[in-house]
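Biologist: Please take me closely through a single part of this model, and set that part against the chain as a whole before you go into detail.

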Amino acid sequence: YSAVIYRLQEFGRTPDAKNILTNAFTNGVVFEEGREPVSIDFRDIYPDRLGEVRIMPGDSILIPVKTGVVAVYGLVKRPGLINYDGPAGAAKYIGLAGGYASGADKQSIKIIRKTSGMQIAGGPGIDIYDGDTIIIPENRGKKSMWEKIKDGALILGGLGILYLAVDNATD
């Protein structure tokens, strides 16, 4: 699932090959031609159409070692390495890590691909593959109960000082 072809140069591509490669980009990420390495996702073209992909001068084929794990870090109940159980959404592997911990930002999940190191935003259509890393950040907009109590105490303390100052000024 993580095998990729890195295409550094764009030349001599037939229109048919261009259509095949465009449909094969990992997670729909398309790089501007000639600017960045192009990652070709074998899942979309293997095995029926693999022979249609022409290897060009300058291409590199990366077949990574299978690790058998997915890393889940950040605000989950049991962060660490989870046994890889086939392609699935991030929710499955987050569940296997005990689920979200308190204060987790469930909308800002980050996924780091093993082969490319590319960081992508997690979403319902993004599958997790062998060796990928899932990171669940803290929800910075949400305050815990103790933070709310602390803020309330500071406000009440400030109002008390203001009242004493006004009371002393009127005497």
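**The loop between E9 and E10**

Modeller: Read along the sequence, the protein chain follows the pattern β-α-β-β-β-β-β-α-β-β-β-β-α, with three helices and ten strands in total. Both kinds of element are DSSP runs numbered from the N terminus, a helix being H or I over at least four residues and a strand being E over at least two. The model is a predicted one, in which local features need pLDDT of at least 70 and side-chain atom pairs count only at pLDDT 80 or more, whereas totals for chains, interfaces and linings use all residues. Residues are numbered from 1 along each chain as its sequence is written, and side-chain values use heavy atoms, with hydrogens and water left out.

Some totals for the chain come before the detail. Of its 171 residues, 32% count as buried, a term that stands for a relative accessible area under 20%, with exposed meaning over 50% and partly exposed the range in between (1.4 Å probe, protein chains only). Among contacts with a separation of 6 or more, 60% are made by residues 24 or more positions apart, where contact means heavy atoms within 4.5 Å. The accessible surface comes to about 10800 Å², and carbon and sulfur atoms account for 57% of that area; such areas are obtained by the Shrake-Rupley method with a 1.4 Å probe, and for residues only the protein chains shown count as cover.

The part I would choose is the loop between E9 and E10, and I begin with the strands around it. Strand E10 (residues 133-136) runs parallel to E4, joined to that strand by four bridges, and Val 72 has Ile 134 as its bridge partner in E10. On this definition two strands pair if DSSP finds at least two bridges between them. Strand E4 (residues 69-74) is also joined by four bridges to strand E5 (residues 80-83), this time in an antiparallel arrangement, with Asn 83 in E5 as the bridge partner of Val 69. E4 and E5 make a hairpin, five residues lying between them.

Within the loop itself, Asp 130 is buried, at a relative accessible area of 6%. Its side chain reaches the backbone nitrogen of Thr 67 at 2.9 Å, and a polar atom of that side chain also lies 2.5 Å from the backbone nitrogen of Gly 68. A polar contact here is a pair of N or O atoms within 3.5 Å; within protein, one atom must be able to donate a hydrogen and the other to accept it, and residues adjacent in sequence count only if both atoms are side-chain atoms.

Asp 130 also takes part in a salt bridge with Lys 114, at 3.0 Å from N to O. This pair links distant parts of the chain, since Asp 130 belongs to the loop between E9 and E10 and Lys 114 to the loop between E7 and E8, 16 residues apart. Lys 114, at 25% relative accessibility, is partly exposed. A salt bridge requires a side-chain nitrogen of Lys or Arg within 4 Å of a carboxyl oxygen of Asp or Glu, and the structure holds three of them.

Gly 131 is found in the loop between E9 and E10 as well, and with 19% relative accessibility Gly 131 counts as buried. Neighbours within four places in sequence aside, Gly 131 is in contact with Thr 67, Val 69 and Lys 114. The C-alpha atoms of Gly 131 and Lys 66 are separated by 7.3 Å, although their positions lie 65 residues apart along the chain.

Asp 132 forms a salt bridge with Arg 113, and the closest N and O atoms are 2.4 Å apart. Asp 132 sits in the loop between strand E9 (127-128) and E10, and Arg 113 in the loop between strand E7 (110-112) and strand E8 (119-121), so this pair ties together parts that are 19 residues apart in sequence. Asp 132 and Arg 113 are both buried.

The remaining salt bridge can serve for comparison: the side chains of Lys 92 and Asp 85 meet at 3.0 Å, N to O. Here Lys 92 is partly exposed at 33%, and Asp 85 is exposed at 53% relative accessibility.
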